[in-house]
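Student: Could we go through this protein together, one question at a time?

Tutor: Sure, let's have a look.

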Amino acid sequence: MATAALSGLFGGNLTPEEQQMQMTEARATQFAKLDPSQQLAFMGYKAGANLGQGLAQAAGVDIQDPSIKRATMLRQLAQDLDVTTTNGLAQYAQRLQQAGFNAEAAQLGQAITARRQQETQSALTAMKTSRELQAYSREDKLQAELAALPEGATEEDILKVMRVYGDPKTVAAGLERSAVKKAEIEAKAQLEREKAQLRADEKERDRAFKEEMIRLQASLRQSNSDVQRQLIQTRIDALNDKKQEKIDKQIAAAESAIAGADRVIAKVDEALPLVSGFNLLSSYVPFTEGSNLRTTLETIKANLGFDRLQQMRDASPTGGALGQVAVQELVALQSSLASLDLKQTSEKLKENLNQIKIHYKNWREAATGKLPLGKQPPPRDEENKTVDFGTLKP
């Protein structure tokens, strides 16, 4: 705790004798610089100082420097205290105040308060980490026991395992939260990977731009024809067009968002065959169709989060609005998060999945239509047809 900023509160790093010696030598050196015979002056001054100090002490005169005297008193006050601990510092602050060092006591008090806050925060963090580790350990053990259930295990078999860890509803809710958190983490990681890829692509475009510019400028210098020079200059001007650079970035962002929509549509197609006749409790048992369905739904829900939908809102290849259709689809997607709850009939869940798929496909069509013809991705495989809006129940 006795850092450089607070070392002065403990009398400094040097003993009073060392401080006195340092001060004497500093004065002697300064005095010696004024005299051509520096070494003689230095030795003479130092010897005189020692002699004068000895005579004064013999006469009972206190000639100690005030700063050294202060340091000596602070060191004496800190004796027999462990100032590396918060309690030791608090005791030292109390002694400082009693000895009349009010400013020093106040300064040390602020440092003690900051240290106690830091210790409290560290303790809370440690407790949280410990609880999370215990929860993960319990969850891993529970998952292992559920996975060990024989094929065709009944609801009662599943509930029996869950009851060992508490109320089945509470246990199931905990597993649900954990699955949601994992899916959200993966969705955010995927989004960050896409952003990193966009940055890498932009860096590659910049590199290609520089190489092409160097090549064109070399060609311009070597050209012997006015017509050739004019054509090359036109290409250089086009390459320098910042508007095209902005469009390239917007197109890359749109392509990334469309690819993300394609992945969600694929996840919906993956979930649909698993819906029929699923069992809610079996969805907590690893390696079952119900578990696969739950994991897939959590991935879809994570992609309906704010960050991903914001990316889709910003994915205009031209920099303008995507259009009313795309905006309506995003609003519908944002409100469809709760529609993927497993606590509903298979028919309703399948209907909601198809609805989400239609919203994604409509948005994809609107976003793709804004891309230049050469940049538009091929249409998705229509083997798995979606239900039309008119066929859906209200």
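Student: Is Ser-335 buried or exposed?

Tutor: Keep in mind that this is a predicted model. The relative accessibility of Ser-335 comes out at 60%. The cut-off for that label is over 50%, so Ser-335 counts as exposed.

Student: Where is Ser-335 found?

Tutor: Look at the stretch that follows α12, residues 324-334. Ser-335 sits in the loop between α12 and α13.

Student: How far apart in space are Ser-335 and Leu-304?

Tutor: Along the sequence, 31 residues separate Ser-335 from Leu-304. In space, going from C-alpha to C-alpha, the two are apart by 9.0 Å.

Student: What share of the contacts with a separation of 6 or more comes from residues 24 or more positions apart?

Tutor: Here we take the contacts in the protein with a separation of 6 or more. Residues 24 or more positions apart make up 66%.

Student: How many helices and strands are there in the protein?

Tutor: Read the elements from the N terminus on and you get α after α. The count is 13 helices and 0 strands.

Student: How many residues of α13 are buried?

Tutor: Helix α13 covers residues 346-369, and its ends are 34 Å apart from first C-alpha to last, close to the 34 Å expected at 1.5 Å a residue. This helix is mostly covered. Of its 24 residues, the number buried is 17. For the protein as a whole, buried residues make up 34% of 394.

Student: Why are Ile-158, Leu-159, Val-161 and Met-162 on the same side of α6?

Tutor: These four are buried residues in helix α6, residues 155-163. An α-helix has 3.6 residues a turn, so residues three or four places apart point the same way. The four are on the same side of α6 because the arc they cover around the axis is only 160°.

Student: Which residues are closest to the centre of the largest pocket?

Tutor: The largest pocket holds about 560 Å³ of space. Its lining has 28 residues, and the closest to the centre are Ala-179, Ala-183, Thr-295, Glu-298 and Thr-299.

Student: Which element gives the largest share of that lining?

Tutor: Two or more residues each come from α5 (102-147), α7 (168-222), α9 (242-275) and α10 (289-302). By class, the lining has 10 nonpolar, 10 polar and 8 charged residues. The largest share is 9 residues, and the element that gives it is α7.

Methods
Residues are numbered from 1 along each chain as its sequence is written. This is a predicted model: local features need pLDDT of at least 70, side-chain atom pairs count only at pLDDT 80 or more; totals for chains, interfaces and linings use all residues. Side-chain values use heavy atoms; hydrogens and water are left out. The expected span of a helix is 1.5 Å times one less than its number of residues. Buried means under 20% relative accessible area, exposed over 50%, partly exposed in between (1.4 Å probe, protein chains only). The arc is that of the directions from the helix axis to the C-beta atoms. On a 1 Å grid over the protein atoms alone, a cavity is a set of points where a 1.4 Å probe fits but cannot get out, and a pocket is an open set with protein on both sides within 12 Å along at least five of seven lines; lining residues have an atom within 4 Å of a point. Grid points are joined across faces, edges and corners, and a volume is the space filled by probe spheres set on the points. Ala, Val, Leu, Ile, Met, Phe, Trp, Tyr, Cys and Pro count as nonpolar, Asp, Glu, Lys and Arg as charged, and the others, Gly among them, as polar. Contact means heavy atoms within 4.5 Å.
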